[in-house]
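Me: Please take a close look at the cysteines and the charged side chains of this model, and go through them in one connected account. Give the numbers where there are any.

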Amino acid sequence: MTPGELDRFLMTMEGAPPALATVVERLAGPPAPEIERCAAGPLAPLLCATLIQQLAEPGGSAPDEGVTAVLRGLAQQQSALALLDVTDELLGSGAFVESYGTRLHRVFLTGASTPRPLVAATFAEGALRLAIAGSGDIMRTVVMLTPEEADGLDPDYAERLPRLLGAALDVWGAERAVSGALLRTLAELRLHPAAAAGAAFETGLHQIRSAADPGTDDPVAVLVTARKNLAHAEAAEECGGDAALYGTGIDAVMAFRRGDQLALRDVHRGLLRLLDERANGFRRGHVPAWRRSRAEAGFAWARLVTILTRALDATTRPAWLDAWPMIDALLDAYALDRAVVPVPGAVDQDGLARVVRPVIASALRGRETLLVQLRVAAVDDADRVGRLREIVERPDTSTEASPDDDADCSRLVSLAPSIVAELGLPAATRLARQVDDDALRMMEGMAYNTVVRHGSLRDPVIAGLLDSLVTGLQPCADYTGSVRQSFDALLAETVTFLATRHDLQRSAAVDYLSPARPPPREARLQDDFADWLRRGPLAGRIAVEVPNVATGRADIMIGFGVTRFFIEVKRELRNSSRAELERAYLAQAADYSGTSATLGMLLVLDLTPHPAGVPHLSECAWVTSCRPPGSTVDRYIVVGRVIGNRSTPSAYSRAAGH
């Protein structure tokens, strides 16, 4: 039977796959080229199933030349679906992986360089799975997953890469030599439109693992940062459900820390709803076995929330009518039941317990009735003495008085990590000194909810750009308190404007972005941006062409009472590099902030030629500072670049040479 006749015969058969595999198996030693051809085509899963069946039989084996032909054929496979089936078939056989796993890993590494992005991603997944199973070179796998230029990746490949990086971090995240390269690539993918949501999600999961690491100095602050990343990912449809699930788990921990019973119960209800939706999704789709630990992690979050809810109720009830159930709830929360590991990966199971132990100890201090119950219980039941001892003794342990600054810092980190993250430590410290602990917890709840709400409203690329700008503004002494809140509102509007004007599909009616002769003046950008601000939450605060500002005329002013921010608008026809824009226009933009907050903006309409494409959005805004000669005060300027003079992407293509 010729290969063509075999193909037609198999296509017409109506038997089950095992019957087809038997037909292939009974072929009398087909030549190696025919095996190679089958392995490179749609029959590859059947061929591999036959191979596995031969190995599974008592005393079974496969001729080495046949396996070699199969591996050569797999390296030429062009179907992502067939390759996925082959990978599941081969990696599901321990005998095959043990005998040929290293050779298969080399085939997958070679295949990952194919120019077909979906097939390359499938090869990369197979190589990662083998390396995780211990049948491949870990460092070569990491090198494959961490390309030098992530921004140049094909969108179809980039979209699938964060999931692989996250799986690698699950296993090797504790190894700094490996995790450093993986995290750098994830950070670069945060700026790739196709991969931004997935990268934000995987970054958030890694931060949860970091919070559970005993070596992390401030695990609660890391959890707040992780929650922001998960909120960004939740806004994207492709990974919103998983991000919502993990984010809700963090919400539970934070609600427990501030003693918010209502919020904790709301979180519990929300988590159960998400789990129901997740179960329905699993029934409609297939979750590979190697990713099942993440698929089932939601149930660990549900158990964690149950433990925290019972423990919070135990520490706030005025009297214990039934002591032992309450004690058990308290013990479970204090030790975070060993079965609860709410994020996959190699983490210390005691790690998250460090986040809730201070809450338990704080609740027990001053509650002498509860302490008496614990002590009686410890005497009454010898089997629980060891578990109770730490709780009984810790609140009685006296600590030496610390300086006020250290005490304020410790209080803030413990009670108000979200406020610290949003306002910075100096401003948060000044605020905390004016209120008691109960008021600080209430404010922390409001700040945390604001962080989550803002994160869920923003595209991950926009969120990443905003985060980088906020980080760049931190050294500014005026960037604090109400001034920061006002400037952040302007900053959010500006970044959204830049993102919208960067995408011609959303700005089709904006004529100054397209090539024109003569080139448009900067007044077109000035009027457009001012109109944008007037239509948003800053309406009523906008003024244009404001005279007598720093002995000149300011293009746009945004007023918040006595605080005013000025925006200088320019156009550039020759050189739009960062250094040249700052050299040419920064001094003027900074001069307007001489009598108000040392914060301002420079908006430039870039009309330079773009024969080979335009910069990424993340490269179109940055923070810089300027200090006039003889001055001792730095002015901080956010520079935004609006790309004009743009052709359609098809104009960048060139006919192939013949």
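Reply: C476 is buried, with 4% relative accessible area. C626 is buried as well, at a relative accessible area of 16%. The model is a predicted one. Its disulfide count comes to zero, where a disulfide would need a pair of cysteine sulfur atoms within 2.5 Å.

Turning to charged side chains, the structure holds 15 salt bridges. One of them joins D488 to R484, with the closest N and O atoms 3.4 Å apart. Both residues belong to helix α27 and sit four residues apart, about one turn of the helix. The two ends of this pair fall in separate accessibility classes: R484 is buried at 4% relative accessible area, whereas D488 is partly exposed at 24%. The helix that carries them, α27, covers residues 481-502 and has 22 residues. From first C-alpha to last, α27 reaches 31 Å, close to the 32 Å expected at 1.5 Å a residue. Of the 22 residues in α27, 16 are buried, so the helix is mostly covered.

A second salt bridge links R583 and E580, at 2.6 Å from N to O. These residues are three apart in helix α29 (residues 578-591), which means that about one helical turn separates them. R583 counts as exposed at 59% relative accessibility, while E580 is partly exposed at 22%. In the salt bridge between R553 and E545, the closest N and O atoms are 3.8 Å apart. R553 is partly exposed at 47%, and E545 is partly exposed too, at 32%.

E572, in strand β3 (residues 563-572), is a buried residue without a salt bridge. Its nearest side chain of opposite charge is that of R574, 4.7 Å away; the cut-off for a salt bridge is 4 Å, so this pair does not count as one. The E572 side chain does make a polar contact with the side chain of Y585, at 2.7 Å. Beyond four places in sequence, the residues that E572 touches are L581, Y585, V604, L605, D606, L607 and T608.

R227 is another buried charged residue, with 4% relative accessibility, and lies in helix α13 (residues 219-234). Setting aside neighbours within four places in sequence, R227 is in contact with residues including E234, G247, T248 and D251, and also with Y448 and V452. I250 is a further contact of R227; the C-alpha atoms of R227 and I250 are 6.7 Å apart in space, with their positions 23 residues apart in sequence.

How values were computed. Residues numbered from 1 in each chain as written. Predicted model: local features only at pLDDT ≥ 70, side-chain atom pairs only at ≥ 80, totals over all residues. Heavy atoms only, no water. Buried < 20%, exposed > 50% of the residue type's maximum accessible area, 1.4 Å probe, protein only. Helix = DSSP H or I, 4+ residues; strand = E, 2+ residues; numbered from the N terminus. Expected span 1.5 Å × (residues − 1). Lys, Arg positive; Asp, Glu negative; His and termini not counted. Polar contact = N/O pair within 3.5 Å; in protein donor to acceptor, adjacent residues only side chain to side chain. Contact = heavy atoms within 4.5 Å.
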